[in-house]
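Good morning, and thank you for the time. I should like to take you through one structure, beginning with a single helix and working outwards.

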Amino acid sequence: MRITFWGTRGSCPSFPSPGEVRAYAENVSAATIAYVQERIHSEPGLAELRELFQRPSREVATELPFDHPPGFGGETTCVGVETSEGHTIILDCGSGLRACSAEILRQHRESNLDRVSLFGSHSHLDHRNGLSFAGLCYADPPFEIQVFGGSEFLSMLDSRFGLFSHTTTAATYEDDPVDYAAMTASFHGIELRAQSEQQELKPAGPWEVRNLAEPVVIGSTTVSPFRSYHGSTECLGYRIEHGGKVFVFSTDHEKLSPGTPGLAGLDRDALDKSVRADQELVEVCRGADLAYFDGQYLRAEYLGQQGIGAGPAIPRVGWGHGCVEDILDRVSPGEIKHALIGHHDPERSWLALMEIAGRLEEFSTGRDYEVELARDGQVIDL
Ligand SMILES: [Zn+2]
Ligand SMILES: [Zn+2]
């Protein structure tokens, strides 16, 4: 399967500032000038430059021996999974869905792809703010979109767009002016509900309900949902198996432990729920070829000992997100071959991300597994 990370920023889309872009351009200019200066004083150096500059400038630019810094991007959560059988699975519809959708439309024209499965983690805005900008919702011929998720996620999409009930209310237009009638796509909702909740008298939405414990089968691919801990908001992760390979998608998950300061201010059962979800996460990750995790904070930022960027140092316990250090603990038994850390804090600058990326590279050196920061546009074939 081919996995493409279209959005890896957390909470709010965030891009390099004009100042960061200018600093990058100045660094490239300085490196180019230094490259020329080193060669200009000797005959062999001049010959090298003459040979180089006879070629088209674009071609030379791609071959200059500079290390370009990695770009991380700033779209919010969206991951695309294409299977070898041509099925397309989308995980979350954050702002990254816009670019994901452009790629799907390209395939739509080439291969008549007209059906996708969208699995939502939870109802928060950063995981659904790409839907009204996604070309696949407005395509002709239209797409059929199967939407899987918890009841809160489906209810939110229905109240914002009328996707399943085909009814609108004042709430439909609170975020933007688009509703289901403006979209050509047909949406079919499938709620993933835990067995223990099956008997509860929840108002049923206009969608199917299936047992959370039963994997969803799409061709030869299985998608197994599991619960994350994201405070009082219900949140799901997914383990995807295809062709003998395993990819685990886990976003917006917080690991609480008995010693975590600030626990007293949380719900009484918060610690139990988080511990249970974290144990399940360790289980579902066993033997994973690739796993994506929420590592929005460094531990000191989480505990309020230091701020993020220029922001104030405030404790973030109970906000529903994980720490980079939790992920390093989780991967250390070496049962996950490749771990990606995402849901980058919107305040985290490009430079700060590069610094963390460097530390993760050092951490991974000499180990038989790898941990790195996730980047928008990153493609991994399993
Ligand atoms: Zn989020
Ligand atoms: Zn969230």
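Is helix 5 mostly covered or mostly open? Helix 5 is mostly covered, for 9 of its 11 residues are buried. By buried I mean that 20 or more other C-beta atoms lie within 10 Å of the residue's own; exposed stands for 12 or fewer, partly exposed for anything in between, and the C-beta atoms are placed from the backbone. Helices (H or I, at least four residues) and strands (E, at least two) are DSSP runs, numbered from the N terminus.

Before going further, a word on the source. This is a predicted model, in which local features need pLDDT of at least 70 and side-chain atom pairs count only at pLDDT 80 or more, while totals for chains, interfaces and linings use all residues. Residues are numbered from 1 along each chain as its sequence is written, and chains are lettered from A and ligands numbered from 1 in the order in which they are written.

Let us return to helix 5. Its buried residues include F153, L154, M156, L157 and F161. The buried residues of this helix pack against strand 5 (144-149) and strand 6 (186-193). Just after the helix, G162 takes a positive phi of about 65°.

Next, the core. The largest nonpolar core, a set of buried Ala, Val, Leu, Ile, Met, Phe, Trp, Tyr and Cys residues joined through C-beta atoms within 7 Å, has 73 residues. Those with the most contacts inside it are V79, I90, F247, A291, A339 and I341. Helix 5 (residues 151-161) supplies the largest share of this core, 5 residues. Two residues are in contact if their C-beta atoms, placed from the backbone, lie within 7 Å. Leaving aside neighbours within four places in sequence, I90 is in contact with C78, G80, L97, C100, V116 and L118.

I turn to the sheet. Here 8 strands form an open sheet with mixed pairing, in the order 7-6-5-4-3-2-1-15; two strands pair if DSSP finds at least two bridges between them. Strand 7 (208-211) and strand 15 (378-381) stand at the edges with a single partner strand each, so one side of each is left without a neighbour in the sheet. Strand 1 (residues 2-7) and strand 2 (residues 78-82) pair in the antiparallel sense over 5 bridges, and C78 in strand 2 is the bridge partner of G7.

How is the protein chain divided into domains? The assignment gives domain 1 (2-16 + 73-381) and domain 2 (18-63); such bounds come from an automatic or database domain assignment. The C-alpha centres of the two domains lie 41 Å apart. A30 belongs to helix 1 (residues 18-40), and A30 counts as exposed because it has 10 C-beta neighbours inside 10 Å. Between A30 and T88, 58 residues apart in sequence, the C-alpha to C-alpha distance is 44 Å.

K337 offers another view. This residue lies in the loop between helix 8 (324-331) and strand 13 (338-342), and is partly exposed, with 17 other C-beta atoms within 10 Å. Its C-alpha atom is separated by 7.4 Å from that of D368, 31 residues apart along the chain. K337 also touches A288, D289 and Y369, not counting residues up to four places away in sequence.

Finally, the whole chain. The secondary structure comes to 9 helices and 15 strands, and buried residues make up 39% of the 382 residues.
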